[in-house]
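The following exercises concern a single protein chain. Each task is followed by a solution that proceeds step by step.

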Amino acid sequence: MLNDTRQYRERFLITKGDELCMLCADDISYINLHDNRITAFAVDGTSYPLPMSMNDLEQALDPARFFRLNRQYIANIKGIRKICFYFSSKLIVRLKGCDDENIVISKEKATLFKKWLEK
């Protein structure tokens with residue numbers, strides 16, 4: 001068997017105004033795409049602009065800790081507050097510190113999401 005030696009991002013160096021900030025991947029609660037801007041929201045509520053695409057972030061972050069919920073959200077397992085059933089085998093996820101109460105996971109992704117949660 002082949003060993004997966006892939007290295008995932010542990011930190012992001014972010015320009016915020018006239019300073020550089022370091023954001024640890026563990027401190028990210030969730031990432032959101034809104035109005036073509038990608039923003040990481042830290043556990044403490046601070047937001048950080050990320051200069052990467054959602055697809056690049058999905059590949060760069062450890063899949064044991066992060067899951068792409070839909071086109072707009074990537075969540076850290078520690079950032080999940082509540083999971084509710086929705087019609088047609090879909091799920092609704094509520095994230096800590098997130099005002100969006102209707103983050104829908106498709107039927108296809110819902111199965112993968114539940115398996116991911118059980119690891």
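**Exercise 1.** Determine whether Asn36 is buried or exposed, and describe its backbone setting.

*Solution.* The coordinates belong to a predicted model. Step 1: the relative accessible area of Asn36 is 78%. Step 2: the threshold for an exposed residue is over 50%, so Asn36 is classed as exposed. Step 3: Asn36 is located in the loop between strand S3 (28–34) and S4. Step 4: although Asn36 is not a glycine, its phi is positive, at about 60°.

**Exercise 2.** Assign Ser88 to an accessibility class and state its phi.

*Solution.* Step 1: Ser88 occupies the loop between strand S8 (80–85) and S9. Step 2: its relative accessible area is 45%. Values between the 20% and 50% limits define the intermediate class, and Ser88 is therefore partly exposed. Step 3: Ser88, which is not a glycine either, has a positive phi of about 55°.

**Exercise 3.** Establish whether Arg65 is buried or exposed, and list the residues that it touches.

*Solution.* Step 1: Arg65 sits in the loop between H1 and S6. Step 2: Arg65 has a relative accessibility of 16%; because buried means under 20%, Arg65 counts as buried. Step 3: leaving aside residues up to four places away in sequence, Arg65 touches Arg9, Glu10, Asp26, Ala75, Asn76, Ile77 and Trp116.

**Exercise 4.** Characterise the position of Asp99 and its separation from Phe12.

*Solution.* Step 1: the loop that holds Asp99 runs between strand S9 (91–95) and strand S10 (103–105). Step 2: with a relative accessible area of 77%, Asp99 is exposed. Step 3: Asp99 and Phe12 are 87 residues apart along the chain, and their C-alpha atoms are separated by 24 Å.

**Exercise 5.** Describe the surroundings of Thr39.

*Solution.* Step 1: Thr39 belongs to strand S4 (residues 37–42). Step 2: not counting residues up to four places away in sequence, its contacts are Tyr30, Ile31, Asn32, Ser47, Tyr48 and Pro49. Step 3: Met52 is 13 residues from Thr39 along the chain, with 9.7 Å between the two C-alpha atoms.

**Exercise 6.** Which elements and residue classes line the largest pocket?

*Solution.* Step 1: the largest pocket contains about 260 Å³ of space. Step 2: its lining consists of 13 residues, and those nearest the centre are Glu58, Pro63, Phe66, Phe67 and Arg68. Step 3: at least two lining residues each come from helix H1 (54–60), strand S6 (66–68) and helix H2 (107–117). H2 provides the largest share, namely four residues. Step 4: sorted by class, the lining comprises eight nonpolar and five charged residues, with no polar ones.

**Exercise 7.** Summarise the fold of the chain and compare its radius of gyration with that of a compact globule.

*Solution.* Step 1: the chain contains two helices and 10 strands, in the sequence order β-β-β-β-β-α-β-β-β-β-β-α. Step 2: for 119 residues, a compact globule would have a radius of gyration near 14 Å, and the chain, at 15 Å, agrees with this. Step 3: the C-alpha trace spans about 45 × 45 × 25 Å along its principal axes. Step 4: of the 119 residues, 38% count as buried. Step 5: among contacts with a separation of 6 or more, 39% join residues 24 or more positions apart. Step 6: the accessible surface is about 7900 Å², and carbon and sulfur atoms account for 50% of this surface.

How values were computed:
Residues numbered from 1 in each chain as written. Predicted model: local features only at pLDDT ≥ 70, side-chain atom pairs only at ≥ 80, totals over all residues. Heavy atoms only, no water. 1 Å grid on protein atoms, 1.4 Å probe; cavity = no way out; pocket = protein on both sides within 12 Å on 5 of 7 lines; lining within 4 Å. Points joined across faces, edges and corners; volume = space filled by probe spheres on them. Nonpolar A, V, L, I, M, F, W, Y, C, P; charged D, E, K, R; others polar. Rg over C-alpha atoms; globule rule 2.2 N^0.38 Å. Buried < 20%, exposed > 50% of the residue type's maximum accessible area, 1.4 Å probe, protein only. Contact = heavy atoms within 4.5 Å. Areas by Shrake-Rupley, 256 points an atom, 1.4 Å probe, with all protein chains shown as cover.
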